[in-house]
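Could you walk me through this structure in the viewer, one selection at a time? I would like to know what to click next and what is there.

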Amino acid sequence: LPCLLSWAKSKNYEKISLPLIYQNGPNGIRDKAKARQVVSILEDHHWLVPIPDGAEVNGKFRREAWAVRS
């Protein structure tokens, strides 16, 4: 869990999405199910905040996106 948050902050991501995580994220989170599980936990602890209408993440619009809290 901390590795995803550290990774997002080290890359200065203000927003993240599942594809961004499982395509470019830490090695232990390289599939959709694991990425969703970790995002859910970080969301429960208010480190990630869902963006209700989706957002552009890394140049692509994503229906599911989260803001990364500092």
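## Starting at the pocket

The largest pocket has a volume of about 150 Å³, and the model you have open is a predicted one. To see the pocket's walls, select Leu-18, Pro-19, Tyr-22, Lys-32, Arg-36, Arg-62, Arg-63 and Glu-64, which line it. Now colour that selection by residue class: five of the lining residues are charged, three are nonpolar and none is polar.

Which helix gives the largest share of this lining? That is α2, with three residues. Helices α2 and α3 each contribute at least two residues to the lining of the largest pocket.

## Next door: Ser-17

Step to Ser-17, in the loop between β1 and α2 (18–24). Is Ser-17 buried or exposed? Its relative accessibility is 1%, so Ser-17 counts as buried, the cut-off for buried being under 20%. Show the contacts of Ser-17 beyond four places in sequence and you will find Val-57, Arg-62, Glu-64 and Trp-66. Two of these names may look familiar: Arg-62 and Glu-64 also belong to the lining of the largest pocket.

## The sheet

Switch to a cartoon view and pick out the three strands that form an open sheet, ordered β1-β5-β2 with antiparallel pairing. The edges are held by β1 (15–16) and β2 (48–50); each has a single partner strand, so one side of each has no neighbour in the sheet. Follow β1 across to β5 (residues 66–68), where two bridges join the strands in the antiparallel sense. For one of the bridges, select Ile-16 and look into β5 for its bridge partner, Trp-66. Trp-66 is also among the contacts of Ser-17.

Add helix α3 (residues 32–44) to the view: α3 packs on the sheet and touches β2 and β5. The direction of α3 makes about 95 degrees with that of β2.

## Trp-47, between α3 and β2

Move along to Trp-47, in the loop that links α3 and β2. With a relative accessible area of 34%, Trp-47 is partly exposed. What does Trp-47 touch, leaving aside its neighbours within four places in sequence? Its contacts are Leu-5, Lys-9, Leu-42, Ala-67, Val-68, Arg-69 and Ser-70. Try a distance label from Trp-47 to Leu-5: they are 42 residues apart in sequence, and their C-alpha atoms lie 7.9 Å apart.

## Two asparagines with positive phi

Before the last stops, a reminder: most residues other than glycine have a negative phi.

Select Asn-12, in the loop between α1 (2–10) and β1. Asn-12 is not a glycine, yet has a positive phi of about 60 degrees. Its relative accessibility is 65%, so Asn-12 counts as exposed. Draw a line from Asn-12 to Val-68, one of the contacts of Trp-47: Asn-12 and Val-68 are 56 residues apart in sequence and 9.3 Å apart in space, C-alpha to C-alpha.

Finish at Asn-58, in the loop between β3 (55–57) and β4 (60–62). What is the phi of Asn-58? Phi of Asn-58 is near 55 degrees, a positive value in a residue other than glycine. Asn-58 is exposed, at a relative accessible area of 56%.

Terms used. Residues numbered from 1 in each chain as written. Predicted model: local features only at pLDDT ≥ 70, side-chain atom pairs only at ≥ 80, totals over all residues. Heavy atoms only, no water. Pairing = 2+ DSSP bridges. Helix = DSSP H or I, 4+ residues; strand = E, 2+ residues; numbered from the N terminus. Contact = heavy atoms within 4.5 Å. Axes fitted to C-alpha atoms, helices over the stretch in contact; angles between N-to-C directions. Buried < 20%, exposed > 50% of the residue type's maximum accessible area, 1.4 Å probe, protein only. 1 Å grid on protein atoms, 1.4 Å probe; cavity = no way out; pocket = protein on both sides within 12 Å on 5 of 7 lines; lining within 4 Å. Points joined across faces, edges and corners; volume = space filled by probe spheres on them. Nonpolar A, V, L, I, M, F, W, Y, C, P; charged D, E, K, R; others polar.
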